[in-house]
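Thanks for making time this morning. I would like to walk through one model with you, taking the cysteines, then a pocket, then a pair of strands.

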Amino acid sequence: MKKTRIFAVMTVLALLVGIFALPVSAEGSEVLVSISDGNSDNGVELAWEKVTVADCDDDGQLTINDALFSAHDKYFDGGAAAGYASAATEFGLSLNKLWGVENGGSYGYYINDASPLSLSDPIEDGDRIYAYAFADLTAWSDMYTYFDKCQIEAEEGDEVTLTLSGASFDAEWNPVTVPVEGAKILIDGKDSGVVTDAQGKACVTLSGDGQVVITAASDSAVLVPPVCVAQVDGGMSSAQISAIAAILLLAVSSFILIGRNRKKDEQ
């Protein structure tokens with residue numbers, strides 16, 4: 001009897017181990033997605049938005065294609081059916097539509113600021129996927145750029161230093177990363193008056209309260225806008241301060257009134 005129970009327990013444990021050892025590639029990875037089509041004020045349509053990825057093409061794994069499909073399904077007006085399309089070509093799985101833009105296949109995409117092989121590349125929890133439609137449809141000179149920080153938390157008035165880098169090629173067409181000099185730093189699409197130096201560095205002062213999107217643009221090059229999302233804590237608003245003051249005043253008045261009533265009762 002004891003052997004039977006032990007065997008049953010071991011069987012259950014083995015099943016549980018088998019279940020938890022399965023690869024986490026079927027459903028539910030959460031990633032950050034940015035998308036640029038060149039039409040929004042700050043250059044990006046999505047700025048590192050959280051996306052829970054589903055296996056949209058039922059191939060048993062989660063890929064860049066699934067992440068972009070899921071992002072459109074969640075954030076694009078009309079869903080992925082209206083804004084996104086991909087198809088198998090002689091070059092592998094390729095983009096045919098991004099954020100509603102159909103430009104004959106002139107798109108790019110990066111994962112964690114590195115160029116993947118194809119849309120079929122697998123993704124993991126916490127990955128960052130950036131897809132964009134080319135702005136230069138003649139020479140395809142768009143340079144993918146990125147900040148050294150993609151998300152920051154700050155208080156109003158804080159100075160934040162960002163470093164802007166770009167994906168380029170050397171004389172032998174090997175991929176290299178270069179600092180981007182002379183780029184204008186934009187905050188929520190507005191020129192901050194700050195430009196990057198020779199090392200790609202820029203120091204910006206954050207103001208306001210809530211989320212702001214920091215990007216960059218250049219007058220001398222076509223940049224895929226870098227994206228840094230800053231959550232700015234502006235402190236308590238004047239309305240909040242007034243409300244707290246009113247509550248404190250009411251509390252003090254109540255204590256005074258209670259004290260007076262006690263004195264009357266004692267008399």
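By buried I mean under 20% relative accessible area, by exposed over 50%, and by partly exposed anything in between, with a 1.4 Å probe and protein chains only. Cys56, with a relative accessible area of 29%, is therefore partly exposed, and Cys203, at 35%, counts as partly exposed too. There are 0 disulfides in the structure, a disulfide being a pair of cysteine sulfur atoms within 2.5 Å.

Please keep in mind that this is a predicted model, in which local features need pLDDT of at least 70 and side-chain atom pairs count only at pLDDT 80 or more, while totals for chains, interfaces and linings use all residues. Residues are numbered from 1 along each chain as its sequence is written, and side-chain values use heavy atoms, leaving out hydrogens and water.

Now the pocket: on a 1 Å grid over the protein atoms alone, a pocket is an open set of points with protein on both sides within 12 Å along at least five of seven lines, and lining residues have an atom within 4 Å of a point. The largest one has a volume of about 330 Å³, that is, the space filled by probe spheres set on the points, which are joined across faces, edges and corners. Its lining comprises 17 residues, and Tyr110, Ser115, Ala167, Phe169 and Pro175 lie nearest the centre.

Finally, strands are DSSP runs of E, at least two residues long, numbered from the N terminus, and two of them pair if DSSP finds at least two bridges between them. Strand 3 (residues 85-89) and strand 4 (residues 92-97) run antiparallel, joined by 5 bridges, and a hairpin connects them through 2 residues.

Terms used: On a 1 Å grid over the protein atoms alone, a cavity is a set of points where a 1.4 Å probe fits but cannot get out, and a pocket is an open set with protein on both sides within 12 Å along at least five of seven lines; lining residues have an atom within 4 Å of a point. Helices (H or I, at least four residues) and strands (E, at least two) are DSSP runs, numbered from the N terminus.
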